[in-house]
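Reader: I'm new to reading protein models, and I'd like a close look at one kind of link between side chains. Could you walk me through it slowly?

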Amino acid sequence: MEPIDLPIPAWGADGTLRPLGKLAVHRQGLRHPAVSVFVLRGQEILIQQRAAGKYHTPGLWANTCCTHPNWGEPPADCAVRRLGEEVGITGLDLRHVGQVEYRAEVPGKGEMLTEHELVEVFVGEAGWPLDLELDPAEVAAVRWVSLDALRSEIAAKPVAFTPWLRIYLDRHAAMIFRSSEIAGSV
């Protein structure tokens, strides 16, 4: 079970960034910093299925990894740290490609929660082969999928995917995939 009372940076009602409990942040829909990572390999994207024990969006498919930075942690350091912790990828050169802000309702355990994130987006190009070591508390499964196939799957069954992944592909694909081999599909 993941610790949902851990403090994360969030902007309070007065606009001040401060450490607040993660569950409270999502219950109140407070704007907070986040990091998302997309690992690409040729024409494919590595996506993860969130573990069943996650306090929101359990079992849904998402980008390679995403998280909230620790208090005072630079986004690039956070991206590298979580990529290693969640899927076991280390030593991959990550490139910051931009910032995204979104707000979306997400299914929680017995309640709807709100993600209102200011996200720093990172992309890494993986070589062959890529060794993975999944943290079962975070990730149930991973798979490689082409952008076109992922879009088709999302169109056919959107509820199987996290709201943020759907938003990224719908509104920000050009930013995320612009310098990769996938760019032709954007």
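Which residue does E111 form a salt bridge with, and how far apart are the closest N and O atoms?

Author: E111 pairs up with R27, and the closest N and O atoms are 2.9 Å apart. A quick note before we go on: this is a predicted model, where local features need pLDDT of at least 70 and side-chain atom pairs count only at pLDDT 80 or more, while totals for chains, interfaces and linings use all residues. Residues are numbered from 1 along each chain as its sequence is written, and side-chain values use heavy atoms, with hydrogens and water left out.

A salt bridge here is a side-chain nitrogen of Lys or Arg within 4 Å of a carboxyl oxygen of Asp or Glu. The structure holds 11 of them. The E111 pair links distant parts of the chain: E111 sits in the loop between β7 and β8, R27 is in helix α1 (residues 22-28), and they are 84 residues apart. (Helices, H or I with at least four residues, and strands, E with at least two, are DSSP runs numbered from the N terminus.) E111 is partly exposed, with a relative accessible area of 27%. On that scale, buried means under 20%, exposed over 50%, and partly exposed in between, using a 1.4 Å probe and protein chains only.

Next, try R41 and E44, whose side chains meet at 3.5 Å, N to O. R41 is buried, at 13%, whereas E44 is partly exposed, at 25%.

Now for E138 and R82, whose closest N and O atoms are 3.2 Å apart in their salt bridge. E138 lies in the loop between β8 and β9 and R82 in helix α2, so this pair ties together parts 56 residues apart in sequence. Both partners are buried. They also belong to a salt-bridge network with K54, E73, R81, E85 and E86.

R82 brings us to α2 itself, which runs over residues 75-87. Its buried residues are C78, A79, R82, L83, E86 and V87. Looking down the axis of α2, you'd find them within an arc of 130° (taken from the directions from the helix axis to the C-beta atoms), so they line one face of the helix. Here's the background: an α-helix has 3.6 residues a turn, so residues three or four places apart point the same way. What covers the buried residues of α2 includes β3, β4, β6, β7, β8 and β9. Right after α2 comes G88, with a positive phi near 80°.

Technical notes:
Expected span 1.5 Å × (residues − 1). Contact = heavy atoms within 4.5 Å.
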